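Me: I am new to this structure and would like a close look at a single part of it. Please take one residue and then describe what lies around it.

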Amino acid sequence: MDNNLLCRRNAELESISQEMFGGGMVLQVVEPSSLKLLKDNARFFKRETFRQLRDNIAADKRLSSVPLCYRHEDGKLEVLSGNHRVQASIEAGISHILVLVITEELDRSRRIAIQLSHNALVGEDDQSILANLWAQIESVQDKLYAGLDSESLKELGDVELVNFSTPQVPAHMVSFMFTDGEKEQLSEILDAIADSAKKSSAVYVCPGRQYEEFIKLLADVKHAEKIRDSSLAMTRLMEIASDWLEKETEAAIQEVAQ
């Protein structure tokens, strides 16, 4: 966007802002790199969370919410709320973003109060509604976009893919046991995993030699699909296998038909 077009757009936004807010605030299109970020920001993101935010913005090619800024006497815009979104938009290569600018004079005390209020005054999730909404997300990429985290893959004797910790989604637990035991020892093996069996909807006993292969396969899927969560990687692995089986079945049917 060239400077002339940018000036025209901001002039239009200023007129609209006057009608909406009656003064004191104005919508403005700016380059995110031109904004002044807070030096002291109590709100922080984990590295993985920030990366997901950046990736979401890069995929959308825009911000989906408007940062709040304050205009200083020298005309410089300081971000009071939305510092991480602004920083992520810079890293995502977004050239221009829409911000809401406070134009009335505020002392430092009031600006800090606004900053903290935007961080602190947030709602809480209704767990039953959250679980219901989460269950309706079908795509792995959409689950990643949602940003709900889970525990990491626990590399124990039996691989436990833990459910997402945030929403309490009704789930069936499936256990995989990797063992070097022979067939004759199957009874002893089943006794050893009795506790897991009681908790699980299904228990699969696999040869111990397949353990490293299984872990590597999960790691390969995470790397190829840019998925950091092991639970989602397992879901994606099942999708890939399902697609492959469907193609193989179609090819077999066509071969018979010929």
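Reply: What follows starts from one residue and moves outward to the sheet and the helices beside it.

The model is predicted. The residue chosen here is Q28, which lies in strand 1, made up of residues 25-30. Is Q28 buried or exposed? The relative accessible area of Q28 is 18%, and because buried means under 20%, Q28 counts as buried. The side chain of Q28 makes a polar contact, at 3.0 Å, with the side chain of R71. Apart from neighbours within four places in sequence, Q28 is in contact with several residues, including N10, L13, L77, I97 and V99.

The strand that holds Q28 belongs to an open sheet of 4 strands, arranged in the order 1-4-2-3 with mixed pairing. Strand 1 and strand 3 (77-81) are at the edges with a single partner strand each, so one side of each has no neighbour in the sheet. On average, neighbouring strands of this sheet are turned by 40° against each other, direction ignored.

Further into the order, strand 2 (residues 68-71) and strand 4 (residues 97-102) run parallel and are joined by 3 bridges. Y70 has I102 in strand 4 as its bridge partner. Helix 4 (residues 108-120) packs on the sheet and touches strand 2, strand 3 and strand 4. The direction of helix 4 makes about 40° with that of strand 3.

Back at strand 1, helix 1 (residues 3-21) lies across strand 1 and strand 4. Helix 1 runs at about 160° to strand 1.

Technical notes. Residues are numbered from 1 along each chain as its sequence is written. This is a predicted model: local features need pLDDT of at least 70, side-chain atom pairs count only at pLDDT 80 or more; totals for chains, interfaces and linings use all residues. Side-chain values use heavy atoms; hydrogens and water are left out. Helices (H or I, at least four residues) and strands (E, at least two) are DSSP runs, numbered from the N terminus. Buried means under 20% relative accessible area, exposed over 50%, partly exposed in between (1.4 Å probe, protein chains only). A polar contact is a pair of N or O atoms within 3.5 Å; within protein, one must be able to donate a hydrogen and the other to accept it, and residues adjacent in sequence count only if both atoms are side-chain atoms. Contact means heavy atoms within 4.5 Å. Two strands pair if DSSP finds at least two bridges between them. Axes are lines fitted to C-alpha atoms, for helices over the stretch in contact, and angles run from 0 to 180 degrees between N-to-C directions.
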